[in-house]
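Me: Please take me through the reading of some features in a protein model. I should like the general idea in each case, followed by the example.

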Amino acid sequence: MKLKFTKMHGAGNDFIVIDAINQHIAFSPEQWRTLADRRFGIGADQILVVEAAPAADIDFRYRIFNADGGEVEQCGNGSRAFVRFVIDKGLTNKTKIRVQTMSGVIEPEVGVDGRITVNMGVPDFAPSASAFQTQDLSSHQEAAATIWALPLVASSAQITCVSMGNPHAVQIVSDVEEYPVSIEGPQIELHPRFEKRVNAGFMQVNDAHHVQLRVYERGAGETLACGTGACAAAVAGIRRGVLQSPVEVKMQGGDLQIAWAGEAQPVFLSGPAVSVFEGEIDI
């Protein structure tokens, strides 16, 4: 079949976006992997699928497939690309929409300046929310956050676990550019303590409102930006007492803005969403 698609990115985190309302989509994990392959397919960190509303109080359903073909719960940068896509394609004329994801309902909104802000929901610091097994691991408290010593091959990572609808393990490092993300990232992602794997965040704190971040994403490897990773890093830093809201998160692909009022409050993610090109591919 010929598949119509749009290539988009949010701060360098790139996506294939597919309208599954006006064309039939039923692909296998192998076909998703082929689409995401940068040599044999279109190339992307994630594939975003726009589906019809599953209920009267919902505008759309939003599905996310990583480059490895696996379906995942949430994608912050992708949610902004999703909004830009449905508006640009005339699928809605709303500036605030309700979208069903695997992890729940999100409510992205387009501001007068064109920037898109997404209510990402309330972060969950319980280890169980990230399917993290803590038995026999040492921990200590820093403000209200629990920091776990996660044993790696040649070291121990001091992580804070937080779920943003998907699991994250965030650690603070002194120099994020020089840190061995390519070595520790896959060790953390695939660590047996995480039953469903995990996104590994490496955060350098510059001051109370500015950080630099690299994220080794579950099923995608290191990406130029990660929206839920930026949210997880910011709220982990706030909870650990080293950051204050709002937080600007500088990533290799661009900057994202995170606001969080504290316990039991939702996280708000703001940033760009850009269409790059459109095309068709036989699959």
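The dialogue below treats a helix, its neighbouring strands and some aromatic rings.

Me: What should be known about the model beforehand?

Reply: This is a predicted model, in which local features need pLDDT of at least 70 and side-chain atom pairs count only at pLDDT 80 or more, while totals for chains, interfaces and linings use all residues. Residues are numbered from 1 along each chain as its sequence is written, and side-chain values use heavy atoms, with hydrogens and water left out.

Me: Which residues of helix 3 are buried?

Reply: Buried means under 20% relative accessible area, exposed over 50%, and partly exposed in between (1.4 Å probe, protein chains only). Helices (H or I, at least four residues) and strands (E, at least two) are DSSP runs, numbered from the N terminus. In helix 3 (residues 181-189), the buried set is Val181, Glu184, Gly185, Ile188 and Glu189.

Me: Why do they lie on the same side of helix 3?

Reply: An α-helix has 3.6 residues a turn, so residues three or four places apart point the same way. Here the buried residues cover an arc of only 130° around the axis, which places them on the same side of helix 3; the arc is that of the directions from the helix axis to the C-beta atoms. Ser182 and Ile183, on the other side, are exposed.

Me: How is strand 12 joined to strand 11 and to strand 13?

Reply: Two strands pair if DSSP finds at least two bridges between them. Strand 11 and strand 12 run antiparallel and are joined by four bridges, whereas five bridges join strand 12 to strand 13, and these run parallel. Val170 is the bridge partner of Thr160, and Gly201 in strand 13 is the bridge partner of Val170. Five of the six residues of strand 12 are buried, so this strand is largely enclosed by the rest of the structure.

Me: How many aromatic pairs does the structure hold?

Reply: Rings of Phe, Tyr and Trp (its six-membered ring) pair if their centres lie within 6.5 Å; planes under 30 degrees apart count as stacked, over 60 as edge-to-face and the rest as tilted. The structure holds nine such pairs. The centres of Phe5 and Phe277 are 6.1 Å apart with planes at 85°, so this pair is edge-to-face. The pair links distant parts of the chain, with Phe5 in strand 1 and Phe277 in strand 19, 272 residues apart. Phe5 is buried, with a relative accessible area of 8%, while Phe277 is partly exposed at 38%.
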